[in-house]
Amino acid sequence: MTNKIIVADDSQTIQKVIKITFANKDYELIPCLSEGELDGLVADDVSLILLDFSLSESKTGYELGKSVSQKYSQIPILALLGTFDTVDEEQFRNSGYSDKVVKPFETEKFLSK
């Protein structure tokens, strides 16, 4: 069974980089370019949500993480942070994310998370 991963990031470049990163892995990537699209893509067989910390136009990254994790508590959420994003570690831990990775990411570190 193929693991399904939602890639929720509005950058086409990041979508392509993640697709290349997972090219030889047994994962099905589901692209998601906006917060509004996310609800229509989440299903019981999704294994992971890669969520751009800055995806929402109306919520902070913390609010977005909390909102998504409350709706889909059974699915781990990995935050995709920009190089210059700063996070308050306590707020981050309380926002529902399982972990984080900084873009651009090192392939092996990213895959290990």
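**Burial and pairing in the model**

Reader: Which residues of α3 are buried?

Author: In α3 of this predicted model, the buried residues are G61, Y62, L64, G65, S67, V68 and S69. The word applies to residues with under 20% relative accessible area.

Reader: What covers the buried residues of α3?

Author: The cover includes α2 (35–41), β3, β4 and α4 (89–93). As for direction, α3 lies across β3 and β4 and runs at about 165 degrees to β3. Angles are taken between N-to-C directions and run from 0 to 180 degrees.

Reader: Why is D9 called buried?

Author: D9 has a relative accessible area of 0%, and the limit for buried is under 20%. D9 is therefore buried. Its place is in the loop between β1 and α1 (12–21).

Reader: Which residues does D9 touch, not counting those up to four places away in sequence?

Author: D9 touches I14, Q15, C32, L33, D52, L55, L80 and K103. Each of these has heavy atoms within 4.5 Å of D9.

Reader: How do you know that the buried residues of α1 are on the same side?

Author: The buried residues in α1 are I14, Q15, I18 and T21. They cover an arc of only 125 degrees around the axis, so they are on the same side of α1. The face turned away from that side carries the exposed residues T13, K16, K19 and I20. Exposed stands for over 50% relative accessible area.

Reader: Where does α1 lie relative to the strands, and what is found at its start?

Author: α1 lies across β1, β2, β3 and β4, and it runs at about 180 degrees to β2. At the start of the helix, a side-chain oxygen of S11 comes within 3.3 Å of the backbone nitrogen of T13. The limit for a polar contact is 3.5 Å, so this pair qualifies.

Reader: What makes β2 and β5 (99–102) edge strands?

Author: Each of them pairs on one side only. The sheet is open, has five strands with parallel pairing, and follows the order β2-β1-β3-β4-β5. From one strand to the next, the twist averages 25 degrees.

Reader: How do you know that β1 and β2 pair?

Author: Pairing needs at least two bridges. β1 and β2 have six, in the parallel sense, so they pair. V7, for instance, has P31 of β2 as its bridge partner. β1 and β3 also pass, with five parallel bridges; here I5 is partnered by L48 of β3. β3 and β4 are joined by four parallel bridges, and L50 is partnered by L78 of β4.

Reader: Why is β3 called mostly covered?

Author: Five of its seven residues are buried.

Reader: Which members of the largest nonpolar core touch the most other members?

Author: They are I6, L38, I49, L51, V68 and Y97, out of 21 residues in that core. At least two residues each come from β1 (3–8), β2 (27–32), β3 (46–52), α3 (61–71) and β4 (77–81). There is also a second, separate core of nine residues, among them I14, I18, L50 and L80.

Reader: What is L38 in contact with, leaving aside neighbours within four places in sequence?

Author: L38 is in contact with I6, A8, C32, L51 and V68.

Key:
Residues are numbered from 1 along each chain as its sequence is written. This is a predicted model: local features need pLDDT of at least 70, side-chain atom pairs count only at pLDDT 80 or more; totals for chains, interfaces and linings use all residues. Side-chain values use heavy atoms; hydrogens and water are left out. A nonpolar core is a set of buried Ala, Val, Leu, Ile, Met, Phe, Trp, Tyr and Cys residues joined through side-chain atoms within 4.5 Å. Buried means under 20% relative accessible area, exposed over 50%, partly exposed in between (1.4 Å probe, protein chains only). The arc is that of the directions from the helix axis to the C-beta atoms. A polar contact is a pair of N or O atoms within 3.5 Å; within protein, one must be able to donate a hydrogen and the other to accept it, and residues adjacent in sequence count only if both atoms are side-chain atoms.
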